[in-house]
Amino acid sequence: MAIKTLQVSAKKLVNQQREFFQSGETQSIDFRLSQLKLLRKAILEHQELIIDATKSDLGRPSFEAYFEIATLSEIKLAIKKLKNWMRPHRVQTPLEQFPSTAWIQPEPLGVVLIIGSWNYPFQLTISPLVGAIAAGNCVILKPSEHAPKTSSAIFQLINSYFSPNYIAAVEGDVNTCKQLLTEKFDHIFFTGSSAVGKTIMKAAANHLTPVTLELGGKSPCIVDTDINLEIAAKRIVWGKFINAGQTCIAPDYLWVNSKVKKVFLKLLKQQIYNFYGDNPYESSDYGRIVNSSHFSRLKKFLENGTIIIGGETSLESLYIAPTILDNVSLNDAVMQEEIFGPILPVLSYENLEETVAYIRSQPKPLAIYVFSNDRIKQNQFLDQTSSGGVCINDTVMQISIPDLPFGGVGNSGMGNYHGKSSFDTFTHKKSVLKKGLWLDLGWRYAPYTVNKLNQIKKIING
Ligand code: NAD
């Protein structure tokens, strides 16, 4: 049965899924493994559809569109590790509890909602699904309406391979999302802006539903003097301009040591040229902006500072050239809002302390990038700033380490996923204590004698 734009009411869909969840069928390892394998099969059989859809939604090069399929490696890992992840974990019990054993027993949460974003519209919707399946939940997916071809591909793929009682994809806009949010879920996993994240959390609060919020923010990138500047420029230009800058962990802005700023700007320009040629508009390796409203939002940033490369735009083809801005001030809009597009403001610093102090004064970012070989300087950021993640001497690649939890902190989000973290996100860790009845130590029972009080003092005071 296909469900498009909530032809079945949100309530009915959630109730159907809750009934199926309560049947217990999703609990067994065999069921979970079979569904993970089914998802892998569905993706493999629809690869072309998925890649074409994301190419069409974001005017992307095929190479970058292929990143969407990276979810396959998440599935592979979950299949390999699931038995281990599901295993109850024994913990120690103190002597006064003798005879006893205690353990943590992972259990699925129930019916969960996953709300996706448009910038990596397949991956950011399906990757959390892998964790939700592995953890034994029923799932409703709401892909972003701003990537309509991918939303439709997800709809087609999910609803033709899975029963809607178990996993259902629902297409629709904000109103569909709002309808879904009136229902009680056991977890909501949201990827999007901090502003909408607050709306999601408010709606979730009505049902005391826990949330994972994968949000955005301004991720700074710091460039020191003691490094291979050419490689640094290459890695920064790559991380900033893939997907035309529409990457939540793209370096948002640069702080470059004033001693190397001039030469570094030259290297950045050279790398843009190396990647996209004289005219990036004609490059088959450079993407487009998702829609006209984001285009207009980004175009306004071009009024800040001095454009030293790029700045060309075309509303008709939603094109904004890879652009570097010099001479921006911290008060400019481009330094006040998350850019989320192919515009890179470059600031300079004299002392690293200035950058640390500035980052500390701002909302906590999703990522901080530090290009430096000096361990003391690296540690300054690790110890004195807070962010979802830190990557030293590269950009964006931290996302591809399966054992690193991916998520924000403070304004950039709460909770995390990828690898085992995805399984944990959709799992309740149930505490279990099992006592033996063959012995019953009397220290806690009334009448409370002096002897018992001394015993408890010994236990508590150690
Ligand atoms: P968005 O917040 O506008 O929309 C995300 C989803 O929320 C969509 O599915 C949309 O239908 C729904 N939505 C929008 N308004 C709503 C409302 N009022 N009530 C209920 N639902 C609503 O975000 P976006 O424009 O898709 O994404 C851009 C932002 O997402 C950027 O800030 C970016 O940094 C962030 N982002 C974060 C990550 C991450 O992993 N941390 C990944 C991608 C994007």
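In the unreviewed UniProt entry, residues 10–432 are listed as "domain: Aldehyde dehydrogenase". In the model, which is predicted, this span is 42% helix and 19% strand, and the C-alpha atoms at its two ends, those of residues 10 and 432, lie 35 Å apart.

Ten salt bridges are present in the structure. One of them joins the side chains of arginine 18 and aspartate 186, with an N to O distance of 2.9 Å. Because arginine 18 belongs to helix α1 (residues 10–22) whereas aspartate 186 sits in the loop between α8 (174–181) and β6 (187–191), this pair ties together parts of the chain that are 168 residues apart in sequence. Aspartate 186 has a relative accessibility of 16% and therefore counts as buried, the cut-off for that class being under 20%. A further salt bridge is formed by arginine 60 and glutamate 68, whose closest N and O atoms are 2.7 Å apart, and both of these residues are buried. In the salt bridge between lysine 142 and glutamate 145, the closest N and O atoms are separated by 3.0 Å; here lysine 142 is buried, with a relative accessible area of 2%, while glutamate 145, at 25% relative accessibility, counts as partly exposed.

Charged side chains also gather on the surface, where Lys37, Arg40, Lys76, Lys80 and Lys81 make up a patch of positive charge. Helices α2 (29–45) and α5 (71–86) each supply at least two residues of this patch, and the greatest contribution, three residues, comes from α5. Lysine 80 is located in helix α5 and, with a relative accessibility of 67%, counts as exposed, since that class begins over 50%.

A nonpolar patch of about 550 Å² is likewise found on the surface, and is made by Leu95, Phe98, Trp438, Leu439 and Leu441. Of these residues, phenylalanine 98 is placed in the loop between β1 (89–91) and β2 (100–108) and counts as partly exposed, at 41% relative accessibility. Phenylalanine 98 is also joined to proline 99 by a cis peptide bond, for which omega is about 0 degrees, and proline 99 is found in the loop between β1 and β2. Another cis peptide bond, again with omega of about 0 degrees, links alanine 446 to proline 447, the latter residue lying in the loop between β18 (427–435) and α17 (450–461).

Backbone geometry is further marked by positive phi values in residues other than glycine. For leucine 208, phi is near 50 degrees; this residue occupies the loop between α9 (194–205) and β7 (211–214) and, at 77% relative accessibility, counts as exposed. For leucine 318, phi is also positive and near 50 degrees, and the residue is located in the loop between β11 (313–314) and β12 (319–320).

Finally, asparagine 393 is placed in the loop between β16 (389–392) and β17 (413–414), where its relative accessibility of 18% makes it count as buried. Although asparagine 393 and leucine 254 are 139 residues apart in sequence, their C-alpha atoms are 13 Å apart in space.

Conventions. Residues are numbered from 1 along each chain as its sequence is written. This is a predicted model: local features need pLDDT of at least 70, side-chain atom pairs count only at pLDDT 80 or more; totals for chains, interfaces and linings use all residues. Side-chain values use heavy atoms; hydrogens and water are left out. Patches are made of residues with over 30% relative accessible area and no salt bridge: like charges are joined within 9 Å, nonpolar side chains (Val, Leu, Ile, Met, Phe, Trp, Tyr) within 5 Å. Accessible areas come from the Shrake-Rupley method with a 1.4 Å probe; for residues, only the protein chains shown count as cover. A salt bridge is a side-chain nitrogen of Lys or Arg within 4 Å of a carboxyl oxygen of Asp or Glu. Lys and Arg count as positive and Asp and Glu as negative; His and the chain ends are not counted. The place of a charge is taken as NZ of Lys, CZ of Arg, CG of Asp or CD of Glu. Helices (H or I, at least four residues) and strands (E, at least two) are DSSP runs, numbered from the N terminus. Buried means under 20% relative accessible area, exposed over 50%, partly exposed in between (1.4 Å probe, protein chains only). UniProt positions are given in the numbering used here, feature names are shortened, and annotations may be inferred rather than shown by experiment.
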